[in-house]
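Subject: Structure handover

Hello,

Here is the structure for your files. My notes on what was found follow below it.

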Amino acid sequence: MPILKDILYKVSLASTSGDMSREVNDIAFDSRKVKEGTLFVAVRGTQSDGHDYIGSSIAKGAKVIVCETMPEAIGSDVTYVAVKDSGRALGLMASNFYGEPSTKLKLVGVTGTNGKTTVATLLFNLFSKMGYHVGLLSTVNNRIGEEVIPASHTTPDPLSLNELLAKMVDEGCEYAFMEVSSHAIHQERIAGQLFAGAIFTNITHDHLDYHKTFNAYIAAKKKLFDDLPASAFALVNVDDKRGRIMLQNTKASKNTFALKSVAEFKGKIIANTIQGLEMDINNKSVWFRLIGDFNAYNLLAVYATSILLEQDADDVLTQLSLLEGAPGRFEQVISAAKITAIVDYAHTPDALQNVLETISNFRTGNEQVITVVGCGGNRDKTKRPLMASIACKWSDKVILTSDNPRDEDPLEIIKEMQEGVSPVDYKKTIVMTDREEAIKTSCMMAGENDIILVAGKGHETYQEIKGVKHPFDDKEVLGRMLNLFAN
């Protein structure tokens, strides 16, 4: 059983009180999970402060308390450890508790506003195809080889993360590919992880409800690269002007990819059709099954990462050309009535524009584009009018509906979206708060060769309303409605 002083390896201590040689059964930062012999970490969160639960944790049997502020009353049978940052301490302790699993495989982090899931999933599928045992930590799900483990966050909490990595190590994984969210970086959820490399896809308008300013959002992403060791690689998209910012202070080897700029890994789109992409990558021409300019960047990032992980270029391109995209990312639903229906996770202005621009490239001009889109509640409100404006610009008809309203009134969210609808576009918009009815209406409106885009939720199989997750799957609803009106 781990000893406290070993679990505190690399943790910056302010002060201590009590026996530092205690054995620790487990670690918890949620007081509801405390039992006899638990080390409780008091973390200041966005919703609550763990310091308020020190007393109840001790009553449940916690024998070690790690906190930022020592309680006034200190019991003689409990060990107290004061630290500057409980969140960071939790990450370091979780890594130590589980035997520093990230040092026993090659862990690659993927960060950016858009493309994280596709890049991480493609890397997982690619390395699996090439014969490696691989782990995946993503928004859609977590994977250890063939085993699928449901994901609740883009990046798990430190305890869950290290437990998953330790299981990957135990089961012989050589590589793990991980989405790294800006929230996770800022909250030190990845503290203690040894990354073999990190990838920057792009950065656009998102999460300002949390980070408050765009510069703070950029700084959160940059911290991943600032903290990389010299043994790692940093790979960035330099067609995004913030790509080079990510490299400014990193100790890792600096590597770039781009379609438009000078870069170490250079791509060029030769053909872009509804069937797929033909690309030139470092002077090798390859046909891929994925669609759109945004996927050209994703494919290029995956290729570059593979080469940096010392894989054979020809083998990588051969296997990569056979892969499909991630679930809920430009995923097409087949209609017997010759309607093209697409489900996509696009929930930022940039992602929505990328998808609609891609659709526009395939249009003949004789068909309608009907977009169903909403915005999530309790999230960045400033993007709501932008989402509606972009949908109207690139669509013939737009249905504004609910996404995950959470604790907000769906109609109020839609009203804020409508602020981005110009007077000339009012006639092309419809408001329907019921998402299933909105998707049903889009199918009723569509005719032969028309294109329906249902944006915002992608792979999600629920709709969150007033704290309750109700079963809801855009792809399932869309398929059902298309079949209904085809008969």
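**Salt bridges**

Arg406 and Glu464 are both buried (under 20% relative accessible area; exposed is over 50%, partly exposed in between, with a 1.4 Å probe and protein chains only). They form a salt bridge, with the closest N and O atoms 3.8 Å apart. A salt bridge here is a side-chain nitrogen of Lys or Arg within 4 Å of a carboxyl oxygen of Asp or Glu. The pair links distant parts of the chain, 58 residues apart. Arg406 is in the loop between β20 (397-400) and α14 (410-418), and Glu464 is in strand β23 (residues 462-465). Helices (H or I, at least four residues) and strands (E, at least two) are DSSP runs, numbered from the N terminus.

Before the rest, the ground rules. This is a predicted model, where local features need pLDDT of at least 70 and side-chain atom pairs count only at pLDDT 80 or more, while totals for chains, interfaces and linings use all residues. Residues are numbered from 1 along each chain as its sequence is written, and side-chain values use heavy atoms, leaving out hydrogens and water.

The whole structure has 26 salt bridges. Another one pairs Arg289 with Glu324, with the closest N and O atoms 3.2 Å apart. Arg289 sits in the loop between β16 (284-288) and α10 (293-308), and Glu324 in the loop between α11 (313-320) and β17 (331-333), so this pair ties together parts that are 35 residues apart in sequence. Arg289 is partly exposed at 39% relative accessible area. Glu324 is partly exposed too, at 49%.

Asp30 and Arg32 also meet through their side chains, at 2.9 Å from N to O. Asp30 is buried, at 19%. Arg32 is exposed, at 69%.

**Second largest pocket**

The volume is about 420 Å³. A pocket is an open set of points on a 1 Å grid over the protein atoms alone, where a 1.4 Å probe fits, with protein on both sides within 12 Å along at least five of seven lines. Grid points are joined across faces, edges and corners, and the volume is the space filled by probe spheres set on the points.

The second largest pocket is lined by 21 residues (each with an atom within 4 Å of a point). Ile190, Ala191, Gly192, Gln193 and Asp227 lie nearest its centre. α3 (86-97) and α8 (214-226) each supply at least two lining residues. α3 gives the most, with four. The lining divides into ten nonpolar, five polar and six charged residues. Ala, Val, Leu, Ile, Met, Phe, Trp, Tyr, Cys and Pro count as nonpolar, Asp, Glu, Lys and Arg as charged, and the others, Gly among them, as polar.

**Backbone and surface**

Two residues other than glycine to check on your side: Glu188 has a positive phi of about 60°, and Asn449 has one near 75°. Glu188 is in the loop between α6 (182-186) and β11 (195-200). Glu188 is buried, at 9%. Asn449 is in the loop between α15 (435-445) and β22 (451-455). Asn449 is partly exposed, at 45%.

Gly374 lies in the loop between β19 (369-373) and α13 (384-394). Gly374 is buried, at 2%. The C-alpha atoms of Gly374 and Ile399 are separated by 8.5 Å, with their positions 25 residues apart along the chain.

Regards
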